[in-house]
Amino acid sequence: EKDLVPALPPYPCRVLEGTEGLQVGLGVELQWKMQMGSPFGWWYGKLEALRKEPGSKLALATIAFCHFPATSQWYRLEVRFGDSELRPCAFGGFTGGIRATTETERRHWTRFFPKEPV
């Protein structure tokens, strides 16, 4: 008989859960989407701070998007995450989870960034 438990939605549509592997000062990818029914896109940034909530899956991350000038409204974002819930984003749209990036992924992302902040 066929399994009655539905499979998890595809990765671009499912909110990542957890805080594993995140280290302040290193690169991260933030799940972000403009509209509720859209798949996630990714924003690359540097994890500036991480505060885990005791006794909870939740954490609060501060992420800097250094390809924007420090005076830009898009330079820094605080994100509550970790429990696989979609949340409104201060930039507009919605945020999901955060994942640590490898050095290879960081090099890939920064290939597309301007030499100086835009």
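**View 1. Cys66 is partly exposed, at 41% relative accessibility.** This is a predicted model, and our first stop is its cysteines. Cys89 comes out differently from Cys66: Cys89 is buried, with a relative accessible area of 10%, while Cys66, at 41%, falls in the partly exposed group. How many disulfides does the structure hold? Zero. As a reminder, a disulfide is a covalent bond that links the sulfur atoms of two cysteines.

**View 2. Here is the whole protein, with one helix and six strands.** Start at the N terminus and you'll meet the elements in the order β-β-β-β-β-β-α. The protein has 118 residues, and 36% of them are buried. About 7600 Å² of the protein is exposed, with carbon and sulfur atoms supplying 57% of that area. Now take the contacts between residues at least 6 apart in sequence: 49% of these join residues at least 24 apart.

**View 3. Leu30 sits in strand β1, which covers residues 27-33.** Is Leu30 buried or exposed? With a relative accessibility of just 1%, Leu30 counts as buried. Leaving aside residues up to four places away in sequence, Leu30 touches a whole list of others, including Trp42, Trp43, Ile63, Phe65 and Ile98. Val79 is on that list too. Along the chain, Leu30 and Val79 are 49 residues apart, yet their C-alpha atoms are separated by 9.0 Å.

**View 4. Strand β4 (residues 76-81) has side chains that alternate between two faces.** Leu77, Val79 and Phe81 point to one face, and these three are buried. Arg76, Glu78 and Arg80 point to the other face and are not buried. Two of the buried residues, Leu77 and Val79, also turn up among the contacts of Leu30. How do β3 (residues 59-64) and β4 run? They are antiparallel, and six bridges join them. One detail to look for is Ala64, whose bridge partner in β4 is Arg76.

**View 5. Arg76 also meets Glu48, side chain to side chain, in a salt bridge.** The N to O distance here is 2.6 Å. Glu48 belongs to strand β2 and Arg76 to strand β4, so this pair ties together parts of the chain that are 28 residues apart in sequence. Both partners are partly exposed: Glu48 has a relative accessibility of 31%, and Arg76 has 43%. In total, the structure has eight salt bridges.

**View 6. Glu17 and Lys57 form another salt bridge, at 2.7 Å from N to O.** Where do the two partners lie? Glu17 is in the segment before β1, and Lys57 is in the loop between β2 (41-52) and β3. With their positions 40 residues apart, the pair links distant parts of the chain. Glu17 counts as partly exposed, at 42% relative accessibility.

**View 7. In helix α1 (residues 103-110), look for Arg107 and Glu103.** Their side chains meet in a salt bridge with an N to O distance of 3.8 Å. The two residues are four apart in the helix, so about one helical turn separates them. Arg107 is partly exposed, with a relative accessible area of 43%, and Glu103 is partly exposed too, at 43%. Which residues are joined into one network by salt bridges that share partners? They are Glu29, Arg99 and Glu105.

Methods:
Residues numbered from 1 in each chain as written. Predicted model: local features only at pLDDT ≥ 70, side-chain atom pairs only at ≥ 80, totals over all residues. Heavy atoms only, no water. Buried < 20%, exposed > 50% of the residue type's maximum accessible area, 1.4 Å probe, protein only. Contact = heavy atoms within 4.5 Å. Areas by Shrake-Rupley, 256 points an atom, 1.4 Å probe, with all protein chains shown as cover. Disulfide = S-S within 2.5 Å. Pairing = 2+ DSSP bridges. Salt bridge = Lys/Arg side-chain N within 4 Å of Asp/Glu carboxyl O.
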